[in-house]
Amino acid sequence: MRDFSQDHRWLSINTATIRKSRGEDLPLPRIIEACAERGIRAISPWRDQVHAAGITNIAKTVREHGLKLSGYCRGGMFPAADAQGLRAALDDNRRAVDEAAQLGAACLVLVVGGLPGALQGQPAHKDIALARNQVRDGIGELLDYARTAKMPLAIEPLHPMYAADRACINTMEQALDVCDELDPYQSGSLGVAVDVYHVWWDPKLEQQIARAGRNRLLAFHVCDWLTPTTDLLNDRGMMGDGVIDIPRIRGWVEAQGFAGYSEVEIFSTGNWWKRPHGEVLDTCIARHKTLV
């Protein structure tokens, strides 16, 4: 396993980690500058932040600072209540692929979606099997387009607490079943994003990471699971503040040949978002060296 203790060359910052600073929105160009100032070599920006700043501007700023993109957040949200909604989701995902390619991202992360309307509090139905079928079919259609853009798609299994509204793929096993069906030859065009927050609890995790192998391990995200967790969306802890054995999981991932970035992704309305962004980044660097 790689030694992270001497430097932070393999640290990436998901821009959600500092998108708020002392409760105020931090523009993406300022996030990029703050990362570059600290020798952080990679980021993973969110689409809404890119759109707000302008993708041409962000692509230029990333290049000027010599940064890489460990991923692009995000595509997905495939299920819909009707054919028009399914088509709109596919069109938006194609735009996400184009944006990821323009920015030079390593992959487009897919948060696949759940029951249509559930995120807005008005689910159109209760048929989660139908939603999962729509996810599979949507990824299948998108995959053909993504291949032409040479943009790998990374399915991110989310914790089961998000099954209704954000992602009905909740385990590595489910994600890899979709990969096997749509890309049986493991071409590298379709794989998974392993986010320890979502999968640390899975008794099959080591087995499924081995099943994924190098060609399907496209991204590795780190944070921590706090006890108690008081907000199901915005209470992701800083590494070392919770119960996840991050080095063990990283060891399983790297045993398969993964040699990419460890991407810190923290949503924290109750703690880290209340602090200055520089303090948060400095803590990410320190914890990456000691606890990742």
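In this predicted model, the side chain of S70 makes a polar contact of 2.8 Å with the side chain of S12, and a polar contact, also of 2.8 Å, joins the side chain of S70 to that of E263. S70 itself is placed in the loop that runs between β5 (68-69) and β6 (72-76). Because its relative accessibility is 8%, under the 20% limit, S70 counts as buried. When its neighbours within four places in sequence are set aside, the residues in contact with S70 are S12, A42, I43, S44, A106, C107, Y261 and E263; the two partners of its side-chain polar contacts, S12 and E263, thus appear in this list as well.

A second buried position is G213, which belongs to helix α8 (residues 205-216). With a relative accessible area of 12%, G213 falls under the 20% limit and is therefore buried. Its C-alpha atom is separated by 8.4 Å from that of V253, although G213 and V253 stand 40 residues apart along the chain.

Two helix pairs are described next, with their geometry set out in the table.

| Helix pair | Angle between axes | Distance between axes |
|---|---|---|
| α5 (residues 128-148) and α6 (residues 172-182) | about 50 degrees | 11 Å |
| α3 (residues 55-64) and α4 (residues 83-103) | roughly 30 degrees | within 9 Å |

The angle of about 50 degrees between α5 and α6 makes these two helices oblique to each other, and α5 passes α6 in a right-handed crossing. On the α5 side the contact is formed by R132, R136, I139, G140, L143 and R147, while α6 contributes Q174, V178, E181 and L182. Sorted by class, the residues of this contact between α5 and α6 are four nonpolar, two polar and four charged.

For the other pair, α3 and α4 cross at roughly 30 degrees, and because angles under 35 degrees count as roughly parallel, α3 is described as roughly parallel to α4. Here the contact is made by I55, T56, I58 and A59 of α3, which meet E99, Q102 and L103 of α4. By class, the contact of α3 with α4 comprises four nonpolar residues, two polar residues and one charged residue.

Definitions and conventions: Residues are numbered from 1 along each chain as its sequence is written. This is a predicted model: local features need pLDDT of at least 70, side-chain atom pairs count only at pLDDT 80 or more; totals for chains, interfaces and linings use all residues. Side-chain values use heavy atoms; hydrogens and water are left out. Axes are lines fitted to C-alpha atoms, for helices over the stretch in contact, and angles run from 0 to 180 degrees between N-to-C directions. Helices (H or I, at least four residues) and strands (E, at least two) are DSSP runs, numbered from the N terminus. Angles under 35 degrees count as roughly parallel, over 145 as roughly antiparallel, 65 to 115 as roughly perpendicular and the rest as oblique. A crossing is left-handed if the near helix is turned anticlockwise from the far one by less than a right angle, and right-handed if clockwise. Contact means heavy atoms within 4.5 Å. Ala, Val, Leu, Ile, Met, Phe, Trp, Tyr, Cys and Pro count as nonpolar, Asp, Glu, Lys and Arg as charged, and the others, Gly among them, as polar. Buried means under 20% relative accessible area, exposed over 50%, partly exposed in between (1.4 Å probe, protein chains only). A polar contact is a pair of N or O atoms within 3.5 Å; within protein, one must be able to donate a hydrogen and the other to accept it, and residues adjacent in sequence count only if both atoms are side-chain atoms.
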